[in-house]
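Trainee: Hey, got a minute to look at a model with me? I'd like to start with the strands.
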Amino acid sequence: MTVTRSARALLVDDAGRLVLIKRTKPGRPPYWTTPGGRVEPCDASIEAALHRELMEELGATAALLGQVHVVPPTPAHPTRQHVFLARLLTVDPALRCGPELTDGHTPERVPLDLLHTVDLRPPELVAVARAAGPRAAG
């Protein structure tokens, strides 16, 4: 199994809401993911990849507060996902420039206490976000 790396953000805004990407596909129920993506060879670090991905997907800048979780690779999803807690600093949708600029990829803000109402993937991030999120909001 060839394992790739990705950088993901539990990105919290000033109101204590988690900034997520709602993904919709025809014939399937919607699900939500954290912003982020693959670490590319041109990225100087995992953190640099995350800053790039936040700009591409959201037009956002963020203060990274540290890595809070690692989702291990599996045969079905051979990516090691490095999950960082981050505080949203700025967002300008006009700056979005990634391949996610398609229908079916919609940024949404979800209060931490309502995470149980969305299908966040991977599901283990619900508990991680609830535990770490208040640190980013305060």
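Trainee: In what sense do strand 1 and strand 6 pair, parallel or antiparallel?
Mentor: Parallel, in this predicted model. Strand 1 covers residues 4-12, strand 6 covers residues 79-91, and nine bridges link them.

Trainee: Which residue in strand 6 stands opposite Leu10?
Mentor: That's Leu85.

Trainee: And how many bridges join strand 5 to strand 6?
Mentor: 10 bridges, and those two strands run antiparallel. Strand 5 is residues 60-71. If you want a spot to look at, find Ala62, which has Leu88 of strand 6 opposite.

Trainee: Okay, switching to pockets. What's the volume of the largest pocket?
Mentor: About 560 Å³. It's lined by 24 residues, and those closest to the centre are Ser6, Arg8, His77, Thr79 and Gln81.

Trainee: Which element gives the largest share of that lining?
Mentor: Strand 1, with four residues. Others supply at least two residues each, including strand 3 (31-33), strand 4 (36-38), helix 1 (46-58) and strand 6.

Trainee: So what's the lining like by class?
Mentor: You get 10 charged residues, 10 polar and four nonpolar.

Trainee: New topic: rings. How many aromatic pairs does the structure hold?
Mentor: Zero.

Trainee: Then what lies over the face of Tyr31?
Mentor: Arg121 does, at 4.3 Å from the ring centre.

Terms used: Residues are numbered from 1 along each chain as its sequence is written. This is a predicted model: local features need pLDDT of at least 70, side-chain atom pairs count only at pLDDT 80 or more; totals for chains, interfaces and linings use all residues. Side-chain values use heavy atoms; hydrogens and water are left out. Rings of Phe, Tyr and Trp (its six-membered ring) pair if their centres lie within 6.5 Å; planes under 30 degrees apart count as stacked, over 60 as edge-to-face and the rest as tilted. A charge sits over a ring if NZ of Lys or CZ of Arg is within 6 Å of the ring centre and within 35 degrees of the ring normal. Two strands pair if DSSP finds at least two bridges between them. On a 1 Å grid over the protein atoms alone, a cavity is a set of points where a 1.4 Å probe fits but cannot get out, and a pocket is an open set with protein on both sides within 12 Å along at least five of seven lines; lining residues have an atom within 4 Å of a point. Grid points are joined across faces, edges and corners, and a volume is the space filled by probe spheres set on the points. Ala, Val, Leu, Ile, Met, Phe, Trp, Tyr, Cys and Pro count as nonpolar, Asp, Glu, Lys and Arg as charged, and the others, Gly among them, as polar.
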